[in-house]
Structures are given as C-alpha cells and as structure tokens.
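Student: Please take a close look at the interior of this model and explain how its parts are packed together. I should like one connected account that names the residues involved.

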Amino acid sequence: MPEGPELHLASHFVNEACGALVFGGRVEKSAVSRNPEVPFESSAYRISALARGKELRLWLRPLPGAGPCREPLALVFRFGMTGSFQLAPGDALPRHAHLRFYTAGPGPRLALCFVDVRRFGHWELGGEWQPGRGPCVLRQYEQFREHVLRNLADKTFDRPICEALLDQRFFNGIGNYLRAEILFRLRIPPFEKARTVLQALQQRRLSPTLTLSQKIRAKLQNPDLLELCHLVPKEVVQLGGKGYGPERGQEDFAAFRAWLRCYGVPGMSTLQDRLGRTMWFQGDPGPLVPKGARSRKRRSRKTQPGPVDRTEDPPPPPPPKTASRKPRAKKDPSKAAAQRSPRGGREEGRQTASGGRTPAAFWGGEESIRGPKGRERALPVFPPGLPSPEAEG
C-alpha cells in the first residue's frame, strides 16, 4: 500500500519524466472509474507534481499562446492501495490506466497514466490538500514534531502507539510498514500507550553548548521516535525504485526488500490491531494488546508472499472443524410398519388427496406423495410465496 515515500517517489518520477515534455488535447478518464471527469483541454501544457504526506498534487499549466485560453488546473491524488503513475506509449496503454494525459507532437505520442488496479485511489479537482491532515513527516519535520507534542492530550494518544502512528492528523505519511520499522529500531512494544511513549520527548533537549554539526550527529546517532518518523521514510526515498526505477517488475523492489528489518521478515511476530491492520514486531507486544489477539511468528519467505505483493496479512484461518460422524442406527422394521400410513390415507399434517394442507404443514415440514409402484416418499413443504432451494439454485 503506497505510503509517504511512495507518493514522494511518484512526484519525483513525474517531474523528471515529464519535465521536458509538452502535453496537449483533452484529459481522458476510463469508463469504469468513478472518479470525476477532468474538464481540461489545451493545445500545449506542462505537468508538474508535489507530494505531501499521503497525497500528491498534479499541476496542469498551459503554455503562453496555447488555446483555448485556460487557467492552470490542479488535481490532488490519494493512491489508495495500488495507485501509481506510469509513462507509456500512447498506443500501448497499461492496464487499469484510469486517467491519461497525452503528449503533443512532434515525436511519438506518450501518455502519463494514473494506474490503479484495485480502484481505491481517488483524485479531486481544485488542488486543495485534504482538511485535517497534519504536516508532512518528510517535508515539514519541524512543524510535524511541534504539532504532535502540542496535542498529546488528544484521545488518539490513549491508544497503542502502533495505532496512533496511522492517524494521518498527526503522522501524515506513516503507514503499516513504516510503523513496524520505526518501532522495531527503538525496541518499543507496539501496544504500549502512545502518550507514555511520547511524553518523554517533551523534555528532550540537546545541550545548548553543542555546535550545529554536533547536534546533527547526536540526532543521527540516537534518534527518537519522531525523528525516525522523518528519517526512515527518507531512507526509502533515497533507495529509489518501488516501480519508478530503471529496473522492471519485482527487480525494482529488490533494494527495498533488502532494506526491511522487521516488516515481512521471517521470525518476526504479528498481531492484528483494533483497526484490522497486521502489526509486525519482535519481543513483548505491550500491555494494550486487543483481547483475544494471538501472536504468530512468520515463516520463511519461501512459503510467504513478499511484503510488496500484499496489502495486509490477515492471520491464517483456523483449521476447519470436522465433526466425527456417528453410524446411523438401524430402523426396527416393526416400528416402521406401525408408523406407516394406511393405504390411500394421509398422516396428520400431510397433504390430503384434494391437494390442501393441514395446519401442521409449515416451513421445514414434509408432505407425502405417491411415487411409482404405489410407494410413498416425503418432500419438503415450503410456505406459499417463498422459492424452494431448487428454484433459487
């Protein structure tokens, strides 16, 4: 699932791949997408991008003299679970390309595509960041840190630290794999109370006698949780790849897989938090573990899909319950004969010869009909107006 680093890699890709390109014509939307149409058309315009947390803003800016005369238009994208940008030949679009921006000639026609396999991604016109999201952990670290420490009285921080880290009002850009890596490096139990973890940072001050370079070195050598919320995503951006590098397919994720220390790593434990997300960790989970949650250790990658090939890892389903069958008791022929209806008659609660039902006929009851050679067999009775299983199937 794309997190802050993936959105920043996407913005870098758009700016580098499209910086020298001129786009033209209408913006096309796929027929199956439920996102809004983009009412923009220009004979010549350029595209640029900027990421903030888990959002990306795309600017469409007409060139001087381009027609029809239009104002620049901004779109804000949230990538959902599978969103990404790709630049492809105009006559060979990738599958699931739900928004397409075509280049103008001369030269081969290209298309910048927003690709979203599962279609949970979204774009909005106007270019406004989503209200309520906090400062970006990558681009606005100082504001982010101050915003968190100033609001520790918020009820969000009554929850486990692993759940608080997913609250985009305070940790804009942090997602599932990032929280696992951050807490693992500090050996913080994921289900420790968030306020307990963060309150100590309010008193953390470096000595004023240290020089700037000494302060930077001290933070890099012994970073706290909020500093790692900035530094760990930054490491992922510096790795590159993740679908935006020169390699193709899974090879572009090789550096990221090698970088992971906790998330998806064999031998780590997992628990589902109250949000339904899988938390990867090592050691003591902490005091706020959800009731009934069971910790499981993950097996080798040979039998597990890689972390980039899945969105979340639900706990394995319990083994199916198999009830032991008891042998059927043999019927006593004398009792069966005593219960049999007299020839031509009907038992109480069964259908009469005229076709009517006695009051005993009800849902789940039986009616008796005469089959071949005068033998009787029972059929289930269904109330009038309700379809039988055969009709429904």
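**The buried interior**

Tutor: The protein chain is built from 10 helices and 14 strands. The model is predicted, and the account below should be read with that in mind. Of the 393 residues in the protein chain, 43% are buried. Among contacts with a separation of 6 or more, 63% join residues 24 or more positions apart. The accessible surface amounts to about 22,600 Å², and carbon and sulfur atoms hold 53% of that area.

I begin with the nonpolar cores. Nonpolar side chains tend to be buried together in soluble globular proteins. The largest nonpolar core here has 43 residues, and the members that touch the most others are Val148, Ile161, Phe171, Leu198, Leu225 and Leu226. Two or more residues come from each of α2, α3 (161-164), α4 (176-186), α5, α7, α8 (254-259) and β11. Apart from residues up to four places away in sequence, Leu226 touches Tyr141, Phe144, Arg145, Val148, Leu149, Phe171, Leu198 and Leu201. A separate core, the second, has 31 residues, including Val27, Ala51, Leu75 and Phe85.

Helix α2 deserves attention in connection with the first of these cores. It spans residues 141-150, and its buried residues are Tyr141, Phe144, Arg145, His147, Val148 and Leu149. Arg145 and His147 thus stand in the list of buried residues beside Val148 and Leu149. The cover over the buried residues of α2 includes α5 (194-199) and α7 (225-239). Arg145 also appears among the residues that Leu226 touches.

The strands offer a second view of the interior. Strands of a sheet pair through backbone hydrogen bonds, either parallel or antiparallel. Strand β7 (residues 97-102) is largely enclosed by the rest of the structure, because six of its six residues are buried. On the side of β2 (residues 28-29), β7 is joined by two bridges in an antiparallel arrangement, and Glu28 stands opposite Arg100. Five bridges connect β7 with β8, again antiparallel; here Leu99 faces Phe114 of β8.

Strand β8 (residues 110-116) contains Leu112. Leu112 counts as buried because its relative accessible area of 0% falls under the 20% limit. Beyond neighbours within four places in sequence, the contacts of Leu112 are Phe13, Val14, Cys18, Phe23, Ile47, Phe85, Gln86, Leu87, Leu99, Arg100 and Phe101. Leu99, Arg100 and Phe101 from that list lie within the residue range of β7. Phe85, another contact of Leu112, is a member of the second core. The C-alpha atoms of Leu112 and Ala88 are 6.6 Å apart, although 24 residues separate the two in sequence.

A buried charged residue occurs in strand β4 (residues 55-62), to which Glu55 belongs. Glu55 has a relative accessible area of 0% and is therefore buried. Its side chain makes a polar contact of 2.6 Å with the side chain of Arg78. A polar atom of the Glu55 side chain also lies 3.0 Å from the backbone nitrogen of Gln130. Setting aside neighbours within four places in sequence, the residues in contact with Glu55 are Leu7, Leu50, Val76, Phe77, Arg78, Trp129, Gln130 and Arg133. Arg78 and Gln130 therefore take part both in the polar pairs just described and in this list of contacts.

An open sheet of three strands is found elsewhere in the chain, with antiparallel pairing and the order β11-β10-β12. Its edge strands are β11 (278-281) and β12 (296-297), each of which pairs on one side only. Four bridges link β10 with β11 in the antiparallel sense, with Leu271 partnered by Met279 of β11. These two strands form a hairpin with five residues between them, and Gly276 in the turn has a positive phi of about 85 degrees. Two antiparallel bridges connect β10 (residues 269-272) with β12, where Ser269 is the bridge partner of Lys297. The edge strand β11 also links this sheet to the largest core, to which it gives two or more residues.

Lastly, the cysteines: Cys136 is buried, with a relative accessible area of 1%, and Cys229 is likewise buried, at 0%. The structure contains zero disulfides.

Note on methods
Residues numbered from 1 in each chain as written. Predicted model: local features only at pLDDT ≥ 70, side-chain atom pairs only at ≥ 80, totals over all residues. Heavy atoms only, no water. Buried < 20%, exposed > 50% of the residue type's maximum accessible area, 1.4 Å probe, protein only. Contact = heavy atoms within 4.5 Å. Areas by Shrake-Rupley, 256 points an atom, 1.4 Å probe, with all protein chains shown as cover. Pairing = 2+ DSSP bridges. Disulfide = S-S within 2.5 Å. Core = buried A, V, L, I, M, F, W, Y, C linked by side-chain atoms within 4.5 Å. Polar contact = N/O pair within 3.5 Å; in protein donor to acceptor, adjacent residues only side chain to side chain.
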